[in-house]
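Below are some notes on the model, written as numbered points. They cover charged side-chain pairs and then the sheet with its packing helices.

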Amino acid sequence: MKKQMLMVPGPTPVPPEVLQAMGKQMINHRGAAFGELFSEVNHLIKKVFQTENHVLIFPGAGTGAMEAAVVNLTEPGERVLLATIGAFGDRFGDILEGHGVIVERVEAEWGMAIDPQAVKEKLENNREIKKLFITHNETSTGVTNDLKAVKDAIPDDVLMIVDAVSGLGGIDLKMDEWGIDVVVTGSQKALMIPPGLAFIALNDRAWKVVEENKAPKYYWDFKLARKFLEKNPPETPYTPAVSLLYALQASLRLIIEEGLENVFARHELMAKAIRAGVKALGLKMLAEDDVASHTVTAVYSPEGIDVGKLRKLMREKYGITLAGGQKKLEGKIFRIGHLGYVDWPDVVTVLAGLELALKELGYPVEFGTAIKAAQEILFAGR
Ligand SMILES: Cc1ncc(COP(=O)(O)O)c(C=O)c1O
């Protein structure tokens, strides 16, 4: 037997209460029991989105939620702005172009956050553009964009559509307070449930655009989803992923019980402890501290150490699965996911495993170095 630990930025480990909730028998999704379940879930998910708006829930991956936003908010031939800082920002661009939308871009070097002023200038120089697509937390680089600063910088009539797949529920995102128009996410990250649910929240401005939108759609029709959501009790147009909704009910109760602010603080503390530990070993981080994500940390493999070998050793000998680099960062970095059901024992274990694996691959390590640095942060932060 080998004890396994999943430290990738999604799917993330699922708390026992949530796993258990998924074992419940099926119910009629047009009956009273489903109505109760769906009412509670809809009520609680709004708290995590920090919004009074409806949050639509579809069976689907995070990419499905992104595409759903595109087909409900844009039309072929329209020009939009994409702010991209990595692989998932680029994916938003691919989806948009796949639907015939013309994409203007503002980019940042991978490992950096978007410059709000650059976004502002681009929009001011292209006043016909009325939609900005942007990533909250770029999972491929471990960088979080300052959405509030971007929102405050851009012209007021530009709709801001945010991919918060690896951020929401782990990093603060005040949808209503900051005036973010659309937020999409998926289930398998900080929400602590398995993959398979796609979430989209829209404010009144965004709903107006949806109502006027003429692009072809069927399954992802937001207007139809809202119509069913507004039934008493609420329903979905098509068969919902009942087991995942039971899981979501359990996970949302855990999140609300801990308190959203405490959940964010825990993510921040774990991220800081991991960074301190990795840095103490002399490894180079991809992102600077001020833009570093609280949910995923990207680290360069040390000179002469093959990142594939390091991840293989971590996985096969020490039972810890880490993520690799994506696209142009493949073979250069590894990524540690620390979101959702994560706490200090995970931090200490992953750092201990890293010390063992690096030493075995010939990198000079004094055992305990990373752990000590992390403990200093954990001790100060608790
Ligand atoms: C920021 C971001 N956007 C979108 C996605 C896509 O989600 P999915 O793999 O569920 O389609 C991911 C997945 O890692 C992500 O991290």
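1. How exposed is Lys 120, in terms of relative accessible area? In this predicted model, Lys 120 has a relative accessible area of 25%. Lys 120 therefore counts as partly exposed, because that class lies between the limits of 20% for buried and 50% for exposed.

2. The partner of Lys 120 is Glu 124, and the closest N and O atoms of this salt bridge are 3.9 Å apart. That distance falls within the 4 Å cut-off of the criterion. Glu 124 is also partly exposed, at 41% relative accessible area. Both residues belong to helix α5 (residues 116–124), where four residues, about one turn of the helix, separate them.

3. A salt bridge with an N to O distance of 2.6 Å joins the side chains of Glu 211 and Arg 226. This pair links distant parts of the chain, 15 residues apart: Glu 211 sits in helix α8 (residues 204–212) and Arg 226 in helix α9 (residues 222–229). Glu 211 is partly exposed, with 39% relative accessibility.

4. Helix α11 (residues 260–280) holds both Glu 268 and Lys 272, four residues apart, or about one turn of the helix. Their closest N and O atoms are 2.8 Å apart, in a salt bridge. Glu 268 is partly exposed at a relative accessible area of 30%, and Lys 272 is partly exposed at 42% relative accessibility. Elsewhere, Arg 79, Glu 104, Lys 122 and Glu 128 are joined into one network by salt bridges that share partners. The count for the model is 24 salt bridges.

5. The sheet is open and has seven strands with mixed pairing, in the order β2-β10-β9-β8-β5-β3-β4. Its edge strands, β2 (55–59) and β4 (102–107), each pair on one side only. On average, and with direction ignored, neighbouring strands are turned by 20° against each other.

6. Within this sheet, β9 (residues 182–186) and β10 (residues 197–202) are paired in the antiparallel sense over five bridges. Here Thr 185 is opposite Phe 199 of β10.

7. Two helices can be described against the sheet. Helix α3 (residues 62–73) packs on the sheet and touches β5 (131–135), β8 (159–163), β9 and β10. The direction of helix α3 makes about 155° with that of β9. Helix α4 (residues 87–98) also packs on the sheet, in contact with β3 (79–84), β4, β5 and β8. The direction of helix α4 makes about 160° with that of β3.

Terms used. Residues are numbered from 1 along each chain as its sequence is written. This is a predicted model: local features need pLDDT of at least 70, side-chain atom pairs count only at pLDDT 80 or more; totals for chains, interfaces and linings use all residues. Side-chain values use heavy atoms; hydrogens and water are left out. Buried means under 20% relative accessible area, exposed over 50%, partly exposed in between (1.4 Å probe, protein chains only). Two strands pair if DSSP finds at least two bridges between them. Axes are lines fitted to C-alpha atoms, for helices over the stretch in contact, and angles run from 0 to 180 degrees between N-to-C directions. Contact means heavy atoms within 4.5 Å.
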